[in-house]
Every structure is written in C-alpha cells, then in structure tokens.
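Here are some notes for a colleague at the bench, set out as numbered points to be read beside the structure.

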Amino acid sequence: MLYCFDNFTLDTQRYELCCAGQPIPLEPQVFKVLAYLVQHHERAVAREELFECLWPGQYVSDDALGRCIRKARQVFGDRREAPRFIKTLSKHGYHFIAPVTVRAYDAPASDTLTAAPSPSAPLQPHPEVSTLTVPAAPLVDEECKQVTVLCGTV
C-alpha cells in the first residue's frame with residue numbers, strides 16, 4: 001500500500017519513505033514503527049501493541065521504542081510539544097495525526113501481461129520443486145504474525 005501524507009509517501013511494499021519523490025533512509029525498526037503508526041492512523045496505538053507486534057517475543061526497553069519515535073520525528077521535523085505527525089498520548093502510546101491518503105498499487109498495464117496457458121493444459125511443477133497448498137485465510141488488519149519460511153533440497 002501507499003500512504004500519502006503532507007509531502008511524504010510511505011511505500012510498504014518497497015519499505016521506503018519518500019519526501020517529494022526522494023527516498024529518505026530509515027533504520028529498519030524505525031521504518032516498522034512509523035509504518036505501523038501510519039497504517040493505524042485512524043486510532044491511537046498502545047505502546048504494548050507496538051511491542052507485541054514489532055518486537056514479538058522479545059524483551060525491549062521503553063527507550064528502544066522512544067528512540068524509534070524520536071528518529072521518525074526527526075525525519076518530519078516534528079516536535080513532541082507541537083506535533084504535526086506523531087502525537088504522544090501520555091501513559092498510553094502514540095497516534096499518527098496527519099491526514100493520510102491510502103492508495104493501492106495500480107494493476108499492471110494490459111500490454112505488459114504475459115499470456116496464460118490454456119485452462120485445458122494443467123500446469124506442471126518443475127521436477128525438483130515440491131508444492132504446498134495453503135488454504136486462504138481472511139486478512140485481518142489488526143493481526144500481527146511473524147513467519148519464517150525455509151526452503152531447501154533433499
């Protein structure tokens with residue numbers, strides 16, 4: 001998704017924050033905290049929720065989260081005393097308060113699509129590749145899960 005606010009664009013697919021089209025380097029955890037707040041801009045986010053979703057199963061000090069918030073604010077030139085982007089909610093958490101426009105990625109143009117095989121011709125997997133079919137689960141915006149996928153040959 002693309003999240004646009006002020007002169008910034010947060011691209012969750014490319015893991016990139018841009019200002020006026022220019023990429024802004026961010027540490028990975030700072031980006032994750034910022035992205036989570038922007039994705040949940042319609043509500044306040046509790047500190048505990050950020051810890052559970054962004055540092056699952058780890059003990060992390062309050063200062064680690066505070067440092068990520070400070071770094072994100074530096075990018076925006078935002079101040080805790082007069083926030084335009086990230087508001088601190090004392091003893092609760094944070095709220096991304098700037099107006100956000102959410103855009104989905106555009107579908108590829110029809111001239112860039114490749115022809116699909118005929119429905120009567122079944123797809124054959126590569127002989128060295130095994131397939132795994134996973135039933136589709138409904139997407140839930142509020143759910144955070146860490147997944148590790150390992151691949152190898154026998």
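**Notes on the sheet, the helices and two loop residues**

1. Leu89 has Gly93 as its bridge partner in β7. The model in which this pairing appears is a predicted one. The pairing belongs to a set of four bridges that join β6 to strand β7, residues 93–96, and these two strands run antiparallel.

2. Taken as a whole, the open sheet is made of three strands in the order β5-β7-β6, with antiparallel pairing. The edge strands are β5, residues 45–46, and β6, residues 86–89, each of which pairs on one side only. As general background, the strands of a sheet pair through backbone hydrogen bonds, in either a parallel or an antiparallel manner.

3. Which helix packs on the sheet, touching β6 and β7? Helix α3, which covers residues 62–76, does so, and its direction makes about 150° with that of β6.

4. A separate point concerns two other helices. The axes of helix α1, residues 28–39, and helix α2, residues 47–54, come within 11 Å and cross at roughly 125°. Angles of 65 to 115 degrees count as roughly perpendicular and those over 145 as roughly antiparallel, with oblique for the rest outside the parallel range under 35 degrees, and α1 and α2 are therefore oblique to each other. The crossing in which α1 passes α2 is right-handed.

5. On the α1 side of this contact are Gln29, Lys32, Val33, Tyr36 and Leu37, and they meet Glu49, Leu50, Cys53 and Leu54 in α2. By residue class, the contact of α1 with α2 divides into six nonpolar, one polar and two charged residues.

6. Two loop residues deserve a look at their backbone angles. Most residues other than glycine have a negative phi. Asp6, however, has a positive phi near 50° although the residue is not glycine, and Asp6 lies in the loop between β1, residues 2–5, and β2, residues 8–11. Is Asp6 buried or exposed? With a relative accessible area of 60%, Asp6 is exposed, because the cut-off for that term is over 50%.

7. Tyr15 likewise has a phi near 50°, a positive value in a residue other than glycine. Tyr15 is placed in the loop between β2 and β3, the latter being residues 16–19. The relative accessible area of Tyr15 is 64%, and Tyr15 is therefore exposed.

Methods. Residues numbered from 1 in each chain as written. Predicted model: local features only at pLDDT ≥ 70, side-chain atom pairs only at ≥ 80, totals over all residues. Heavy atoms only, no water. Pairing = 2+ DSSP bridges. Contact = heavy atoms within 4.5 Å. Axes fitted to C-alpha atoms, helices over the stretch in contact; angles between N-to-C directions. Left-handed = near helix turned anticlockwise from the far one by under 90°. Nonpolar A, V, L, I, M, F, W, Y, C, P; charged D, E, K, R; others polar. Buried < 20%, exposed > 50% of the residue type's maximum accessible area, 1.4 Å probe, protein only.
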